[in-house]
Amino acid sequence: RFNVTMTRDVTGVEFCAVLKNVVALGVGFAVGRELGSNTKAAIIRRGLKETMKFAKTFGENVSDDTFFESAGIADLMTTCFS
């Protein structure tokens, strides 16, 4: 079943959209250096945590839920593995 979810957290979505590219660059460097899957996973995990921390520090009313929906982890994973 396909399910579309909506959010009012525009600020959180914007931070996710921008910062996922920084994390993807780090993953790309790790892939280029042939550092392995564990390194890739660690960069993605830490990158998500840092994205959340950054967004909550510099944004207003940013919801944790945003990072675990399509705009957050799903978009991050798609970008890092493509």
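A crossing of two helices is called right-handed if the near helix is turned clockwise from the far one by less than a right angle, and left-handed if the turn is anticlockwise. This term is needed at two stops of the tour below, which explores a predicted model.

**The whole chain**

Begin with the entire chain displayed as a ribbon. Its secondary structure consists of 3 helices and 0 strands, arranged along the sequence in the pattern α-α-α. The C-alpha trace spans about 40 × 35 × 15 Å along its principal axes. Of the 82 residues in the chain, 29% are buried. Among contacts with a separation of 6 or more, 66% join residues that are 24 or more positions apart.

**First selection: α1 and α2**

Two packed helices are described by the angle between their axes and the distance between the axes. Select residues 10-32, which form α1, together with residues 37-58, which form α2. The axes of α1 and α2 come within 9 Å and cross at roughly 155°. Because of this angle, α1 is roughly antiparallel to α2; the cut-off for that description is an angle over 145 degrees. The crossing of α1 past α2 is right-handed.

Now show the side chains at this contact. On the α1 side, the participants include Phe-15, Leu-19, Val-23 and Val-27, while those of α2 include Ile-43, Ile-44, Phe-54 and Phe-58. By residue class, the contact of α1 with α2 comprises 12 nonpolar, 4 polar and 1 charged.

**Second selection: α1 and α3**

Keep α1 and add residues 70-80, which form α3. The axes of this pair come within 9 Å and cross at roughly 30°. It follows that α1 is roughly parallel to α3, since angles under 35 degrees count as roughly parallel. Here too, α1 makes a right-handed crossing, this time past α3. Val-13, Cys-16, Lys-20, Asn-21, Val-23, Ala-24 and Val-27 of α1 meet Ala-71, Gly-72, Asp-75, Leu-76, Thr-79 and Cys-80 of α3. The residues of this contact of α1 with α3 comprise 8 nonpolar, 3 polar and 2 charged.

**Third selection: the nonpolar core**

Which residues touch the most other members of the largest nonpolar core? Select Ile-44, Leu-48, Ala-55, Phe-67, Leu-76 and Cys-80, which hold that position in a core of 14 residues. Each of α1, α2 and α3 supplies at least two residues of this core, and α1 gives the most, with 6 residues.

Centre the view on Ile-44. Apart from neighbours within four places in sequence, Ile-44 is in contact with Val-23, Val-27, Leu-76, Met-77, Cys-80 and Phe-81.

**Fourth selection: the loops**

Most residues other than glycine have a negative phi. Two loop residues may be examined with this in mind.

Select Glu-34, in the loop between α1 and α2. Glu-34 is not a glycine, yet its phi is positive, at about 55°. Is Glu-34 buried or exposed? Its relative accessibility is 72%, so Glu-34 counts as exposed.

Move next to the loop between α2 and α3, where Asn-61 lies. Asn-61 has a positive phi near 55° and is a residue other than glycine. With a relative accessible area of 75%, Asn-61 is exposed.

Glu-60 is found in this loop between α2 and α3. Glu-60 counts as exposed because its relative accessibility is 67%. Finally, select Gly-12 as well: the C-alpha atoms of Glu-60 and Gly-12 are separated by 8.7 Å, although the two residues are 48 residues apart along the chain.

Terms used: Residues are numbered from 1 along each chain as its sequence is written. This is a predicted model: local features need pLDDT of at least 70, side-chain atom pairs count only at pLDDT 80 or more; totals for chains, interfaces and linings use all residues. Side-chain values use heavy atoms; hydrogens and water are left out. Axes are lines fitted to C-alpha atoms, for helices over the stretch in contact, and angles run from 0 to 180 degrees between N-to-C directions. Helices (H or I, at least four residues) and strands (E, at least two) are DSSP runs, numbered from the N terminus. Angles under 35 degrees count as roughly parallel, over 145 as roughly antiparallel, 65 to 115 as roughly perpendicular and the rest as oblique. Contact means heavy atoms within 4.5 Å. Ala, Val, Leu, Ile, Met, Phe, Trp, Tyr, Cys and Pro count as nonpolar, Asp, Glu, Lys and Arg as charged, and the others, Gly among them, as polar. Buried means under 20% relative accessible area, exposed over 50%, partly exposed in between (1.4 Å probe, protein chains only). A nonpolar core is a set of buried Ala, Val, Leu, Ile, Met, Phe, Trp, Tyr and Cys residues joined through side-chain atoms within 4.5 Å.
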